[in-house]
2 protein chains.
Amino acid sequence: ARPRVGYFYSGKTGNQLLGEHIRKLTVKDRKSVPVVCQEETSVYDAICTMFLEDVGTLFVVKEGGVLVGVVSRKDLLKSSMGNQDLQSIPVGIVMSRMPNIITCSPDDTLLSAASKLISSQVDALPVVKEREGGDDGPEVIGRITKTTVTKAFVELGEGATV
Amino acid sequence: ARPRVGYFYSGKTGNQLLGEHIRKLTVKDRKSVPVVCQEETSVYDAICTMFLEDVGTLFVVKEGGVLVGVVSRKDLLKSSMGNQDLQSIPVGIVMSRMPNIITCSPDDTLLSAASKLISSQVDALPVVKEREGGDDGPEVIGRITKTTVTKAFVELGEGATV
């Protein structure tokens, strides 16, 4: 028999190949640095941190970087409308609280994180890992946002190696 | 000579194919409905509209839907920190104003719009078209956001036909 050389049809459509390419991108490779505050931080200081760090979402942590909540620009805007003293309101009462937080893991694909951003209608996901021996919650080690995904889309579209 | 039948190698890499595919997506096909207000709208009412319509950016227009400015959640959050009466401040004094607004056209690629979102560090672009006979500015006909791009990324990754 003749040796099988050359190119063979894999049976995959163009769309499937594209999907495979996108699915190679991981949260680990794409995550950015998390910006955090504490439950006791005032809403006023949280807004200042958001502007200084130029992010739209803060992760609320306790000792060891353990995730306790998430506070978005939307949450802070809502509380700042109430004509209250923003310096006296702690972030803890306006944030979304664990376990009602959608997270992702460093080993997830960027696609799965992007899909969670859309289905849960949030702008950012905390990237978390389980702590050894700790059962009070996972540690925050990064951040994936719609900006992360938009950047990856632009790089793929421009044909940059990703 | 034998007829050349079967599948042939196009010389393109997966990255190039993916780039080509992404470049086929257009602003026209992907844009969502613009949410607008007027310059005279109060900051308070603008925040309410943002929550009711669940968007992060409002486009400020005058008669005929002509674009005069853009106001983001960030702009509104900044002005709501000032302890002023939000009902008495008009959007016109906190918005970004034409011609300092990055826009896109329905015939642009989604890739070019996504690239503008990243380079100009904004969450949304107004989609505009020039008005016939009007020289007081372009008309707003849609909106492209990081959510639009994230949705397209998810569809491509899941192998859905786009």
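How many helices and strands does chain A have? Let's open the viewer and find out.

**Stop 1: chain A as a whole**

Show chain A as a cartoon and count along: you should find 6 helices and 6 strands. Going through the sequence, they come in the pattern α-α-β-α-β-β-α-β-α-β-β-α. Keep in mind that you're looking at a predicted model. Its ipTM is 0.90 and its pTM is 0.90. For chain A the mean pLDDT is 90, and 87% of the residues reach 70 or more.

Of the 162 residues in chain A, 44% are buried. If you take the contacts in chain A with a separation of 6 or more, 58% are between residues 24 or more positions apart.

**Stop 2: two copies, one axis**

Now bring in chain B. A turn of 180 degrees, with a shift of 0.0 Å along the axis, lays chain A on chain B with an RMSD of 0.1 Å. The two copies are therefore related as by a two-fold rotation axis.

Next, select what lies between them. Here 46 residues of chain A are in contact with 47 residues of chain B. The area buried between the two chains is about 4400 Å², and carbon and sulfur atoms give 72% of that. Want three residues to highlight? Pick Leu77(A), Met81(A) and Phe153(A): they supply 17% of the area that chain A buries against chain B, more than any other three residues. And 98% of the interface residues of chain A are interface residues in chain B too, so the copies meet through the same surface.

**Stop 3: Val154(B)**

Stay with both chains and select Val154(B), which sits in helix α6 (residues 146-157) of chain B. Is Val154(B) buried or exposed? Its relative accessible area is 9%, and the cut-off for buried is under 20%, so Val154(B) counts as buried. Look across to the other chain for its company: leaving out residues up to four places away in sequence, Val154(B) touches Leu111(A), Ala114(A), Ser115(A) and Ile118(A). For a sense of scale, draw a line to Glu39(B): the two are 115 residues apart in sequence and 36 Å apart in space, C-alpha to C-alpha.

**Stop 4: helix α3 of chain B**

Select residues 43-53 of chain B, which form helix α3. Color Val43(B), Ala46(B), Ile47(B) and Met50(B), which are buried. Now turn the view to look down the axis of α3(B): the buried residues fall within an arc of 100 degrees, so they line one face of the helix. There's a general reason to expect such spacing: an α-helix has 3.6 residues a turn, so residues three or four places apart point the same way.

What covers the buried residues of α3(B)? The cover includes β2 (57-62), β3 (66-72) and α4 (73-80) of chain B, along with α4 (73-80) of chain A.

Step off the end of the helix and you reach Asp54(B), in the loop between α3 and β2. Its phi is near 55 degrees, a positive value in a residue other than glycine. Most residues other than glycine have a negative phi. At 40% relative accessibility, Asp54(B) is partly exposed.

**Stop 5: a strand and its partner**

Go back to chain A and select strand β5 (residues 124-129): 5 of its 6 residues are buried, so β5(A) is largely enclosed by the rest of the structure. Add strand β6 (residues 139-145), which runs antiparallel to β5(A) and is joined to it by 6 bridges. To see one pairing, click on Pro126(A), whose bridge partner in β6(A) is Arg143(A).

Chain B has its own version to visit. There, 6 bridges join β5(B) to β6(B), again antiparallel, and Val128(B) has Val140(B) as its bridge partner.

**Stop 6: some backbone oddities**

Zoom in on Met98(A) and Pro99(A), which are joined by a cis peptide bond with omega about 5 degrees. Pro99(A) lies in the loop between β4 (96-97) and α5 (110-119) of chain A. In chain B, the bond from Met98(B) to Pro99(B) is cis as well, with omega near 5 degrees. Most peptide bonds are trans.

Finish at Gln121(B), in the loop between α5 and β5 of chain B. Its phi is positive, near 50 degrees, and at 62% relative accessibility Gln121(B) counts as exposed.

Technical notes. Residues numbered from 1 in each chain as written. Chains lettered and ligands numbered in written order. Predicted model: local features only at pLDDT ≥ 70, side-chain atom pairs only at ≥ 80, totals over all residues. Heavy atoms only, no water. pLDDT = per-residue confidence, 0-100. Buried < 20%, exposed > 50% of the residue type's maximum accessible area, 1.4 Å probe, protein only. Helix = DSSP H or I, 4+ residues; strand = E, 2+ residues; numbered from the N terminus. Arc of directions from axis to C-beta. Contact = heavy atoms within 4.5 Å. Pairing = 2+ DSSP bridges. Least-squares fit on C-alpha atoms with pLDDT ≥ 70 in both. Buried area = accessible area lost by both parts, 1.4 Å probe.
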